[in-house]
Amino acid sequence: MIAALQERFDVVTNVDDTPWSPDEIAAKLAGCEAAMSTVLCKFDASVFERNPQLKVVSNIAVGYNNIDVAAATKHGVRVTNTPGVLDDTTADLTWALLMATARRIAEADAWVRGGEWKIAFGMHSFLGTDIHHATLGIIGMGRIGQAIARRASGFDMTVLYHNRSPLPAEDEKRLNATRVERDELLARSDFVVVMVPYSPATHHLIGAADIAKMKPGAILVNTARGGVVDDAALVQALREGRIAGAGLDVFEGEPKLHAGYLDFKNVVLTPHIGSATRSNRIKMCETAVANLTAVLDGKTPANLVNKELA
Ligand SMILES: O=CC(=O)O
């Protein structure tokens with residue numbers, strides 16, 4: 001991908017996944033018209049103030065909470081993202097976490113590797129939670145939420161969802177999903193999946209009071225963004241045995257983790273890998289290149305976040 005960009009542009013790269021600070025980004029972008037970034041790099045207002053020549057920040061992600069979009073817009077900088085291409089990949093990981101938590105896969109794997117398997121079939125060993133015919137509640141029924149719902153039909157699940165606005169009736173029918181209020185979803189679901197973007201409005205959307213409304217045997221899955229779930233509240237609820245477990249791919253302040261999570265075998269942890277398959281990452285990069293190139297060619301990019309700059 002970098003080679004493709006180099007055919008047309010002078011490219012400065014940072015390929016080793018070490019995030020640059022806003023100050024470093026501002027300095028490295030001196031003279032640059034375009035930036036391409038992962039969610040690791042924070043583009044705050046100072047980056048835009050110090051780089052009036054900048055035309056576009058092309059994020060290689062669907063989320064863009066690493067970018068101060070209001071500041072970008074104020075400086076006429078287009079912000080783009082990569083929606084769509086990663087929906088199925090992220091839905092797959094969400095299901096992997098849901099199933100691993102329900103059936104205690106990580107815990108059982110560690111047990112076998114630790115040489116603890118002495119009796120061939122344990123009548124009471126690793127009893128988990130049934131997924132089939134259970135109720136799945138999805139908070140945030142955008143494209144990824146819908147991809148998660150589609151997968152539930154193979155498990156004969158009841159699918160509830162909560163969204164600001166209801167889906168069109170034909171989509172609800174196709175997904176076999178029913179819109180309910182958030183409290184009802186929390187109270188009825190065996191699996192609660194959060195799939196909303198992070199913003200000040202969704203900060204700690206799932207906090208202590210919400211977890212308290214969940215069924216005691218329920219499992220919470222977050223593959224959306226750290227900060228949407230209040231980690232301290234979740235750790236406390238797990239400590240009190242309020243819910244059966246959690247599958248988590250994203251954390252507040254990641255890669256730092258709330259240390260409490262490490263105390264629980266009924267929590268499955270992955271390091272923000274929702275979109276991490278080889279073919280999907282290639283698609284994300286291709287989309288990001290197309291967005292960036294469109295702006296530099298004076299065209300409206302397909303995935304413009306600050307649409308007022310179209
Ligand atoms: O977290 C990854 C993304 O937003 O694409």
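**View 1. The protein chain of this predicted model is assigned two domains.** Domain 1 comes in two stretches of sequence, 2-84 and 277-309. Domain 2 covers 87-269. If you take the centres over C-alpha atoms, domain 1 and domain 2 sit 31 Å apart. As for confidence, the protein chain has an average pLDDT of 97, and 100% of the residues score at least 70. For the complex, the predictor reports an ipTM of 0.93, along with a pTM of 0.96.

**View 2. Here is where domain 1 meets domain 2.** Eight residues of domain 1 make contact with six residues of domain 2. Together the two domains bury about 570 Å² between them, and carbon and sulfur atoms give 47% of that area. Which three residues supply the most of what domain 1 buries against domain 2? Look for Asn65, Gly84 and Asn280: they supply 62% of the area on the domain 1 side, more than any other three residues.

**View 3. Now for the polar side of the meeting between domain 1 and domain 2.** Two residue pairs are in polar contact across the two domains, both at pLDDT 80 or more. Salt bridges between domain 1 and domain 2 come to zero. On the side of domain 1 that touches domain 2, you'll find five polar residues and three nonpolar ones, with no charged residues there.

**View 4. Six names to look for surround the ligand: Ala61, Val62, Gly63, Leu86, Arg225 and His272.** Which atoms of these neighbours pair up with oxygen atoms of the ligand? Gly63 uses its backbone: an N or O atom there lies 2.8 Å from a ligand oxygen. Arg225 uses its side chain, with a polar atom 2.7 Å from an oxygen atom of the ligand. His272 also brings a polar side-chain atom, which lies 2.6 Å from an oxygen of the ligand.

Methods
Residues numbered from 1 in each chain as written. Heavy atoms only, no water. pLDDT = per-residue confidence, 0-100. Domains from an automatic or database assignment. Contact = heavy atoms within 4.5 Å. Buried area = accessible area lost by both parts, 1.4 Å probe. Salt bridge = Lys/Arg side-chain N within 4 Å of Asp/Glu carboxyl O. Polar contact = N/O pair within 3.5 Å; in protein donor to acceptor, adjacent residues only side chain to side chain. Nonpolar A, V, L, I, M, F, W, Y, C, P; charged D, E, K, R; others polar. Near = heavy atom within 4 Å.
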